[in-house]
Amino acid sequence: MAISDAVFLSAHEAPGAQSVQRCDGCGHELDERDAAPACPVCGSLLAIVHRAPADANGVALTGAALRERLHARCCGMRGGHGSGVWRYESLIMPTAGDAITSHPEGNTPLLNRARVQQFAGCDGLLLKHEGYNPTGSFKDRGMTVGTTQAVRTGASAVACASTGNTSASLASYAAQAGIPGLVFVPAGKVALGKMAQTLAYGARTLLVRGDFDECLRLVQAASKELGIYLLNSINPWRVEGQKTIVFELLQQLEWDAPDFIVLPAGNLGNTAAFGKALREAHALGLITRLPRIVSVQAAGSAPFAKGFSEGFTTRHRVQAETIATAIRIGDPASWDRAVRAIRETNGLVLSVTDDEIIEAKVVVDAAGVGCEPASAASVAGVRQLVRAGVIRGSDRVVAILTGHVLKDPGTLVNIHQERDDVAGANRPIEIDATVDAVARVISNSRSS
Ligand SMILES: [Zn+2]
């Protein structure tokens, strides 16, 4: 599949438009307010192409001028700029205006934790924790932009077919926008406990009599006929929002790019978005060199790692299985874009076992940081690459944690109360009701 090489619209393209939606496959262009979920000509994914930010006279901003503008917005509160997503409005949706539907979100920290650095063997490791977003995952960054698009196009409702972090985020932003949120899932196949957050935020959860494929067909048909805006993982505006993870971490590092950005990889939406963000940041002169993107898959769900090891000659599909449910995906939707991201940044793809994920998670959790299992894949991946000599102990590395520790309480109970084989498992201690017993616990804790 051919992917357009253009980074920004040139002067003679799409006159009068600030952004267009362009098909990855055939190059067909749609107005930025068109609600089509995919290319109407060939069915390929749509991508957003912007005009590069310019000053009041239409002269393109230099990297230095753009950095200054973004810095000035760090403390801005009006027009959504207090958001770590909408600060980058000119790079994600320049014409959003009053339609912005923001929690706000983003502004997630870059954490420096010695225990995690020691575990990974890399003193320069920082953790970009996306679990600090309002619904507890990185999905909020894409959802604020996708929901804004729904609002400004007058959608009757927003919808997705998902059981996890996506549906929780959609539910929250639909509530914020005051439009109905619809979540389609197969009846009888989904544990409603996983959807508790979605139900709490008030989205309509539709238990469809049929399998997951029938769910997807229904949500697509309904979106076409009923004016419902689809906020699935390939939505081009969600990709724009997810780019801000990279913009924000680069800004936090004062635009001095790290050597590596390491992230968990399932559907490859973030790998693709990170590639687009780095391409644009580099083209604009915000950064002068590209970090290497490292995508880390779970060993039981690693079609992209397999493809990488073969030079991406074949697109693989697998039967996915892993404890890290957020990256349990056998047929990633954003494969071609992710290949481009890895190639353009001289990146790497690897896989880590569920045991390695748990081992890393226990360390991240016990550092007082905490993350959901999929997130820990990035830290496990850094450790593996340090041991392989690819990442040096002195390299500057940012590992992305995608979700909050409370996203998967079942795994926590399993690790700390049920399994016998996890180092660092933290069992509750039953004691006699005496001060001596408490003193013994304290002294044991100090010596261990
Ligand atoms: Zn097309």
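**Exercise 1. Identify which residues of helix H12 meet which residues of helix H13, and describe how the two helices are arranged.**

Solution. Glu-356, Ile-357, Glu-359, Ala-360, Lys-361 and Val-364 in H12 meet Pro-373, Ala-376, Ala-377, Val-379, Ala-380 and Arg-383 in H13, where two residues are in contact if their C-beta atoms, placed from the backbone, lie within 7 Å. By class, this contact of H12 with H13 holds eight nonpolar, no polar and four charged residues; Ala, Val, Leu, Ile, Met, Phe, Trp, Tyr, Cys and Pro count as nonpolar, Asp, Glu, Lys and Arg as charged, and the others, Gly among them, as polar.

The model is predicted, so local features need pLDDT of at least 70 and side-chain atom pairs count only at pLDDT 80 or more, whereas totals for chains, interfaces and linings use all residues. Residues are numbered from 1 along each chain as its sequence is written.

The next step is the geometry: helix H12 (residues 354-366) and helix H13 (residues 373-387) have axes that come within 8 Å and cross at roughly 100°. Helices (H or I, at least four residues) and strands (E, at least two) are DSSP runs, numbered from the N terminus, and axes are lines fitted to C-alpha atoms, for helices over the stretch in contact, with angles from 0 to 180 degrees between N-to-C directions. H12 and H13 are therefore roughly perpendicular to each other, given that angles under 35 degrees count as roughly parallel, over 145 as roughly antiparallel, 65 to 115 as roughly perpendicular and the rest as oblique.

**Exercise 2. Determine the strand order of the open sheet of three strands, and find which strands stand at its edges.**

Solution. The order is S2-S1-S3, with antiparallel pairing; two strands pair if DSSP finds at least two bridges between them. Strand S2 (29-31) and strand S3 (46-50) are at the edges with a single partner strand each, so one side of each has no neighbour in the sheet. From one strand to the next, the twist averages 35°. Strand S1 (residues 19-23) is joined to S3 by five bridges, and Ser-19 stands opposite His-50 in S3. Finally, helix H8 (residues 236-252) lies across S1 and S3, running at about 55° to S3.

**Exercise 3. Decide whether Ala-159 is buried or exposed, and trace its surroundings.**

Solution. Ala-159 is found in strand S6 (residues 157-160). With 30 other C-beta atoms within 10 Å, Ala-159 is buried, the cut-offs being 20 or more other C-beta atoms within 10 Å for buried, 12 or fewer for exposed, and partly exposed in between, with C-beta atoms placed from the backbone. Not counting residues up to four places away in sequence, Ala-159 touches Leu-182, Phe-184, Val-219, Ser-223, Ile-228, Leu-230 and Leu-231. Three bridges join S6 to S7, which run parallel, and Val-158 stands opposite Gly-181 in S7. Strand S7 (residues 181-186) is mostly covered, with five of its six residues buried.

**Exercise 4. Compare the burial of Ala-14 and Leu-268, and locate each residue.**

Solution. Ala-14, in the segment before S1, has a positive phi of about 40° although it is not a glycine; with 16 C-beta neighbours inside 10 Å, Ala-14 counts as partly exposed. Leu-268 lies in the loop between strand S10 (260-264) and helix H9 (269-283), and its phi is near 75°, a positive value in a residue other than glycine. With 27 C-beta neighbours inside 10 Å, Leu-268 counts as buried.
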